[in-house]
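This report describes a protein model together with its ligand. The sections that follow take up the ligand site, two individual residues and the domain layout.

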Amino acid sequence: MKASQVFGLVTLHWIIKNTLTVGVIALIIIFQPELRKALEHLGRTRFLSRRMFDNDEEIRKVVEEISLAAVNLSDTKTGALIILEQETGLNDFTHSGIKIDAAVSSALLENIFVENTPLHDGGVIIRRDRIAAAACVLPLTEQEVKKDLGTRHRAAIGITENSDAIAVVVSEETGIISLAINGKLTRNYNYEKLTNVLTKILEHNLEDDFSMFKKVKAWLTKTKKK
Ligand SMILES: Nc1ncnc2c1ncn2[C@@H]1O[C@H](COP(=O)(O)OP(=O)(O)OP(=O)(O)O)[C@@H](O)[C@H]1O
């Protein structure tokens with residue numbers, strides 16, 4: 001029993017009770033965008049860890065095909081956006097595009113991004129060693145980005161803010177290859193640099209100990225930094 005009730009302070013008791021209720025509602029309203037983002041993130045996160053790749057060889061093959069495609073697309077200044085799904089499921093985004101479900105190959109990736117063809121607009125989503133979908137519409141970042149970066153680069157940053165995916169971007173204007181990870185864009189990749197970074201990140205998926213606790217901790221750390 002609360003002190004205000006013990007001493008018969010009915011008004012005080014009424015004020016405390018209602019302030020608490022209103023306070024909780026006010027907090028929910030004030031932090032509604034943050035809560036929505038957190039719930040969205042949790043909803044897409046797989047808490048039961050799954051292995052994305054079975055061995056180094058599978059990773060090497062996927063990384064080489066993607067890197068080769070990026071370099072060839074860069075040489076011809078063909079714009080491209082390739083998303084590598086990791087632990088966070090990207091079904092919401094694959095559904096916005098055209099389902100493909102084909103083995104990852106540089107030839108197919110290059111073909112998808114040929115200008116004025118039906119699949120070239122939007123992003124390709126790669127799930128494990130398969131091209132899951134093309135022409136996918138991705139969320140644009142709300143960050144301030146350099147003036148010369150348009151919606152393709154904004155979408156690359158946006159999807160990596162909303163998930164643990166990796167985005168490889170080829171600029172149609174300059175041919176520059178960029179990589180977006182965790183909402184940050186780094187630029188000027190060549191074949192060697194791209195294969196090295198992608199291999200390192202994907203090899204992490206071979207580790208089977210990415211427990212629920214670690215995922216929540218990683219997410220909280222990421223949220224704190226923002
Ligand atoms: N929300 C989105 N999701 C996925 N792809 C998108 C999205 N918005 C735009 N794009 C892609 O970006 C292309 C437009 O790129 P834009 O020129 O605006 O960007 P950019 O970052 O300047 O790239 P580039 O350097 O290649 O010109 C569109 O044709 C489309 O393929």
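## Surroundings of the ligand

A residue is taken as near the ligand if one of its heavy atoms lies within 4 Å of it. In this predicted model, 18 residues are found around the ligand, and those that come nearest are Asp121, Thr151, His153, Ser171 and Glu172. Sorted by class, the shell consists of seven nonpolar, six polar and five charged residues. Helix α7, which spans residues 151-162, supplies the largest share of this shell, with four residues.

## Polar contacts and cover of the ligand

Oxygen atoms of the ligand are approached by both side-chain and backbone atoms of the protein. For His153, a polar side-chain atom lies 2.6 Å from a ligand oxygen atom. For Arg152, the corresponding distance from a polar side-chain atom to an oxygen atom of the ligand is 3.0 Å. Gly122 takes part through its backbone: an N or O atom there lies 2.9 Å from an oxygen atom of the ligand. On its own, the ligand has 640 Å² of accessible area, of which the protein covers 79%.

## Ala155 in helix α7

Ala155 is located in helix α7, the helix that also gives the largest share of the ligand shell. The relative accessible area of Ala155 is 7%, and the residue is therefore classed as buried, the cut-off being under 20%.

Apart from neighbours within four places in sequence, Ala155 is in contact with Leu81, Leu138, Pro139 and Leu140. Between Ala155 and Gly123, the C-alpha to C-alpha distance is 8.5 Å, although the two residues are 32 residues apart in sequence.

## Ser74 in helix α4

Ser74 belongs to helix α4, which covers residues 56-75. With a relative accessible area of 16%, Ser74 is buried, because this value falls under the 20% limit.

Once neighbours within four places in sequence are set aside, the contacts of Ser74 are with Val170, Gly175 and Ile177. With Gly175 there is also a polar pair: a polar atom of the Ser74 side chain lies 2.7 Å from the backbone oxygen of Gly175.

## Domain layout

The domain assignment divides the protein into domain 1, residues 3-44, and domain 2, residues 56-209. A distance of 43 Å separates the C-alpha centres of domain 1 and domain 2.

Terms used. Residues numbered from 1 in each chain as written. Predicted model: local features only at pLDDT ≥ 70, side-chain atom pairs only at ≥ 80, totals over all residues. Heavy atoms only, no water. Polar contact = N/O pair within 3.5 Å; in protein donor to acceptor, adjacent residues only side chain to side chain. Areas by Shrake-Rupley, 256 points an atom, 1.4 Å probe, with all protein chains shown as cover. Helix = DSSP H or I, 4+ residues; strand = E, 2+ residues; numbered from the N terminus. Nonpolar A, V, L, I, M, F, W, Y, C, P; charged D, E, K, R; others polar. Buried < 20%, exposed > 50% of the residue type's maximum accessible area, 1.4 Å probe, protein only. Contact = heavy atoms within 4.5 Å. Domains from an automatic or database assignment.
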